[in-house]
Amino acid sequence: MMDGTDSATARHEDEAKRNTNGTADVIDRKGFAETYTVEECCEILDSQRVPIKGSERSAGEYPYYGANGIQDYVDDYIFDDELVLLAEDGGNFGSKIRPIAYRVSGKCWVNNHAHVLKPKSMIDVDYLCYSLMFYDTNGLVNGATRQKLTQATMRKMKIPKITLEEQLKIVEKLKKVQGVITKKRKQLEGLDILIKARFVEMFGDPVSNPFNYDKVRLSQIADIKIGPFGSLLHKEDYIENGHPLVNPSHIVDSKISVDNKLTISNEKYEELGAYKLQIGDVVMGRRGEMGRCAVVLEDGLLCGTGSILIRPTQNVTADFIQKIISFPSFKKTIEDMAVGQTMPNLNVPIVSNFEIIHPSVEVQKSYYDFVTQVDKFFRLQSMMG
């Protein structure tokens with residue numbers, strides 16, 4: 001059976017980045033001998049932020065910004081300048097396609113979930129923004145379920161130190177690159193919407209099951225295993241650039257985004273062979289946000305202590321299982337099944353009893369044939385520009 005949309009769109013995203021030298025790679029802090037810290041090159045205006053509860057906002061024309069962009073429009077403003085907003089908490093930390101910083105201009109309101117940075121005379125506002133958009137925050141953010149970039153840490157983040165003339169040349173190049181990426185991303189979004197619509201059209205809501213498909217327990221169609229207990233991993237087992245662990249925080253937008261600093265040695269990887277993730281597995285977080293899961297698309301990963309390995313065994317693809325588990329109504333069902341008050345979590349018996357709709361192989365194949373045709377069409381469109 002063919003790959004689903006997650007693997008297809010992942011391939012296209014990687015291809016788009018290779019073809020455009022993605023913005024995350026153009027400004028490489030390691031290639032510069034000198035750097036500014038954020039506090040050296042920016043005025044930090046966090047003290048001027050004012051959060052407003054949704055029930056207390058008065059509708060208006062001014063954008064109300066949070067960690068990841070516009071949240072609302074209000075009838076007043078507190079800033080009127082060229083600024084860069086950098087996520088403080090709830091940002092897209094770890095994502096390779098969604099930035100953690102963005103540029104704003106003119107009258108606006110900012111809540112307390114985004115740091116407010118005004119560039120000083122030695123740095124261009126666009127250059128500052130591009131330098132921070134995909135900044136590697138590994139080791140900088142903290143928090144298990146809602147990661148936070150504190151102001152103290154943010155002040156020490158480094159920006160390559162070059163002349164304004166050089167900054168503007170880089171910005172000009174990046175704007176051209178960003179235009180290509182934006183075009184590709186719009187195509188990907190259209191692909192994703194089309195395939196999701198087809199999924200709902202063929203299978204309906206997996207909880208209410210409007211087409212009356214047979215349902216099976218997940219344990220009937222997959223092997224399920226919880227990640228290794230912490231007692232199996234010791235401080236000396238961790239190295240940099242080894243085999244990455246996949247914990248809930250590494251599952252972003254239904255894709256795996258590993259931390260190359262949270263990896264284990266090859267010896268330990270082999271010792272914990274029972275927890276190796278294979279291509280075609282599903283890895284799901286068992287703590288925090290329920291239903292966070294992704295299809296494994298590469299070898300060399302290990303299921304983390306906070307995750308559960310789901311390996312399809314018969315008549316179903318990993319992509320199908322992932323789509324069911326991450327469906328909004330199914331995620332709500334999982335929340336109701338989770339145990340624990342302060343930190344809801346899942347265990348093997350709970351996950352084993354997930355009721356999964358199980359259409360015939362022929363029906364599933366019809367859906368994936370459609371995905372394949374859409375995938376081919378996208379490739380053709382990309383080749384034609």
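The exercises below work through a predicted model of one protein chain, each with a solution in steps.

**Exercise 1. The chain as a whole**

Determine how many helices and strands the protein chain holds, what share of its residues is buried, and how its contacts and accessible surface are made up.

*Solution.* Begin with the secondary structure, which comes to twelve helices and 21 strands in the protein chain. Next take burial: of the 385 residues in the chain, 47% are buried. Turning to contacts with a separation of 6 or more, one finds that 76% of them join residues 24 or more positions apart. Finally, the accessible surface of the chain is about 19,000 Å², and carbon and sulfur atoms account for 49% of that area.

**Exercise 2. Helix α4 and its surroundings**

Establish whether helix α4 (residues 125-133) is enclosed or open, find the residue that caps its N-terminal end, and describe how α4 passes α6.

*Solution.* Step one is to list the buried residues of α4, which are V125, D126, Y127, L128, C129, Y130, S131, L132 and M133. Since nine of the nine residues of the helix are buried, α4 is largely enclosed by the rest of the structure.

Step two concerns the N-terminal end, where D124 acts as the cap: one of its side-chain oxygens lies 3.0 Å from the backbone nitrogen of D126.

Step three is the packing against α6, whose axis comes within 9 Å of that of α4, the two crossing at roughly 60°. Because angles of 65 to 115 degrees are needed for roughly perpendicular, this value makes α4 oblique to α6. The crossing is left-handed, and the contact is made by D126, Y127, Y130 and M133 on the α4 side, with Q167, I170, V171, L174, K175 and Q178 on the α6 side. In reading such a list it helps to recall that an α-helix has 3.6 residues a turn, so residues three or four places apart point the same way.

**Exercise 3. Two asparagines with positive phi**

Locate N209 and N212, give the phi of each, and decide for each whether it is buried or exposed.

*Solution.* Start with N209, which belongs to the loop between α6 (164-203) and β9 (215-217). Its phi is near 50°, a positive value in a residue that is not glycine. With a relative accessibility of 9%, under the 20% limit for burial, N209 counts as buried.

Continue with N212, which also lies in the loop between α6 and β9 and has a positive phi of about 55° without being a glycine. Its relative accessibility of 65% is over the 50% limit, and N212 therefore counts as exposed.

**Exercise 4. Two buried aspartates**

Place D281 and D319 in the secondary structure, and identify the polar contacts that their side chains make.

*Solution.* D281 sits in the loop between β16 (276-277) and β17 (282-285), and its relative accessible area of 2% makes it buried. Leaving aside residues up to four places away in sequence, D281 touches K276, A294, V295, V296, L309, I310, R311, P312 and A318. With the side chain of R311, the side chain of D281 forms a polar contact of 2.8 Å, while a polar atom of the D281 side chain lies 2.7 Å from the backbone nitrogen of Q278. The C-alpha atom of D281 is separated by 9.5 Å from that of A222, a residue 59 positions away along the chain.

D319, by comparison, is found in helix α9 (residues 318-325) and counts as buried at 5% relative accessibility. Its side chain is joined to that of K323 by a polar contact of 2.8 Å.

Definitions and conventions:
Residues numbered from 1 in each chain as written. Predicted model: local features only at pLDDT ≥ 70, side-chain atom pairs only at ≥ 80, totals over all residues. Heavy atoms only, no water. Helix = DSSP H or I, 4+ residues; strand = E, 2+ residues; numbered from the N terminus. Buried < 20%, exposed > 50% of the residue type's maximum accessible area, 1.4 Å probe, protein only. Contact = heavy atoms within 4.5 Å. Areas by Shrake-Rupley, 256 points an atom, 1.4 Å probe, with all protein chains shown as cover. Polar contact = N/O pair within 3.5 Å; in protein donor to acceptor, adjacent residues only side chain to side chain. Axes fitted to C-alpha atoms, helices over the stretch in contact; angles between N-to-C directions. Parallel < 35°, antiparallel > 145°, perpendicular 65-115°, else oblique. Left-handed = near helix turned anticlockwise from the far one by under 90°.
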